[in-house]
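Q: I'd like to learn how to read a protein model feature by feature. Could you walk me through one?

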Amino acid sequence: MAIPEEILDRIKTSNDLESVAREYLPDLKRSGHDWKACCPFHHEKTPSFSISPQRGIFKCFGCNAAGDVFKFVQMMDNISWIEAVKKLAQRASIEIPKSGVESASFSQKTILFDILESAANFYHKCLLKSSKSQQARQYLYSRGINDESIKTFKLGYAPTGLLIKAAAKKSVDMQNLIKAGVVRMGQSGLFEYMSERIVFPIFDLQGRVVALGGRTLSAEKTPKYLNTPETILFSKSANLYGLFQTLPQTRKERAIIVLEGYMDAIMPYQFGVSGAVAPLGTAFSVFHAKTIARYADKVTILFDSDDAGRNAAQKALECLIENSSLETTVSALPENIDADEFLIKYGKDEFLKMVKSTAKNPIEFIIDTHSKNITSAESKAKAIAEVLIFISKAADEIVQDEWIKTTAQRFGVQEAVLRRDFANRNKKPLQYQRATEETQNQVPQKNPVLCSAEEELIKIVLFDKKFLTKELENTFEDPFCKRVFDLALAGKDNLKIMNALGDDERLRFDILASNPPNYNTHIAFETLLRDLNKIRLKRKCGELKKDVDMMMSGQKEKNYDTLNKYQDLVRKLKGSRR
């Protein structure tokens, strides 16, 4: 999108960097002609972040982050440059001219944002003033939620059908209500997703309402908690409830606590505990881990002391150790009490003491979880195997090394034995190289060489025809392997296949045909198919990761279809490791 230079100048002139920065940095103070604060982009105790009003730029002498007001907002909000420009234009009430396809897309999103904002305001007003909301108000007050929190989080209530009637009076296009996820078409007509529920608006990091969450007040109505569906504005796996509200303090303290639900995030905020967030009724995802890593250096998983809580904590830990280098701990709530209940009963200081006193590092938590029911050598081996699987997920090899030492000590086994077991578990049963465009066309030497996975599969097919099935047709991407497979499937023997190949291909084929498999072909066949699938998943994942990283760093506008595809591939890759 090309924005006229004069418009950019107007936006920049109307948004003094120091006044914009003060909205993000509560510790920003004047120092001579400049302004100083602790850098929001890395952890530090002595301020090295400086703003020069005369030059209109910021500079951190610790991490070297630097730029103008557009760059500052882009980095603080993790949005693209164009989104930062639009945000500052809106702040200064400056209209940016739009045209073409982008204008239509921008207009569609603007319509949906307006609908969601209006819906949140409508439900909020209903909660505060409607006689039909008395039960909802009483429920919130009974849970300890005060009026200030109700206002800050814009909590609401959805009496059946009132929003649809209000929208109809204003001639709002019902199709846009459906696209925003506010209503759906049922068998008897339009129906509000949040009907008869307490409403929890879900904000993005720019403070825009992107979706709605709801809790039923009826024991008979299920599910208890419900989110509006995913839209072009909203993905459950890419949003954390409460992060927007706690972000200013989180930027300063660089620490986040991950809890279970809406109430668990609201109550810490109400009691002055910063950094409390919650996933939106979905498993902790790679996007949650990456989002947290942008705004914090430390993260604590606070879970319920039951099996479901421990399982959720382990899954969150796996995402964190695979996708970030955050200092991570796990804390446990006492049995039969939620985080919000604990705060009401014991207060902020005791809550923080409880979080600190029960904190364990990831490997301690995993070992404790899996070593509870050891009654025999077999159960001990099984527990150790689970711990080793967890260790293998850590992206940092130094961390893996230290965790293996800890595991050996805790289980009372020799470290050398454990390292050998770990290496065997993570060693591929076959050695092969991945074929590339270059290696596929190389002329191999006339001696046994390290084959690619596809070549090993061809070798098995050539020596054991029971593996030669039509289901393998789409398995091969290497043109040579594909050609050999097609000839074999057509009933050609090795001599006829050789005659059908070119000179360079013949030498490559001769090496495969003259070196029979020296392993269990049944096990190898399944392993190769799995590994080939993993290689392709990794490649696709790598291709999407470039776009995802640009989206998450704000260099590119978020596309939730791409984000969801990437998360699906990551999930499949995790499954392929087991």
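**Reading the chain, from bulk to pocket**

Q: Where do I start: how many residues of the chain are there, and what share counts as buried?

A: Burial goes by relative accessible area, with under 20% as the cut-off. Here, 48% of the chain's 578 residues fall in that class. Bear in mind that this is a predicted model.

Q: And what about the exposed surface: how much area is there, and what share do carbon and sulfur atoms supply?

A: The chain exposes about 29100 Å², with 49% of that coming from carbon and sulfur atoms.

Q: What secondary structure does the chain have, and what does its C-alpha trace span?

A: Count the elements, then look along the principal axes. The chain holds 26 helices and 16 strands, and its C-alpha trace spans about 85 × 65 × 65 Å along those axes.

Q: How do I read contacts by sequence separation?

A: Take the pairs at least 6 apart in sequence, then ask what share is at least 24 apart. In this chain, that share is 64%.

Q: How many charged side chains are there, and how far apart do the centres of the two sets lie?

A: There are 85 positive and 74 negative side chains, and their centres lie 2 Å apart.

Q: Which residues should I look at in the largest pocket?

A: Start with the space, then go to the lining. The largest pocket holds about 1300 Å³. It is lined by 50 residues, and Q90, F113, D204, Q206 and R208 are the closest to its centre.

Q: Which element gives the largest share of that lining?

A: That's α4, with 7 residues. Other elements that each supply at least two include α5 (100–129), β10 (209–216) and α12 (286–295).

Notes: Residues numbered from 1 in each chain as written. Predicted model: local features only at pLDDT ≥ 70, side-chain atom pairs only at ≥ 80, totals over all residues. Heavy atoms only, no water. Helix = DSSP H or I, 4+ residues; strand = E, 2+ residues; numbered from the N terminus. Buried < 20%, exposed > 50% of the residue type's maximum accessible area, 1.4 Å probe, protein only. Contact = heavy atoms within 4.5 Å. Areas by Shrake-Rupley, 256 points an atom, 1.4 Å probe, with all protein chains shown as cover. Lys, Arg positive; Asp, Glu negative; His and termini not counted. Charge placed at Lys NZ, Arg CZ, Asp CG, Glu CD. 1 Å grid on protein atoms, 1.4 Å probe; cavity = no way out; pocket = protein on both sides within 12 Å on 5 of 7 lines; lining within 4 Å. Points joined across faces, edges and corners; volume = space filled by probe spheres on them.
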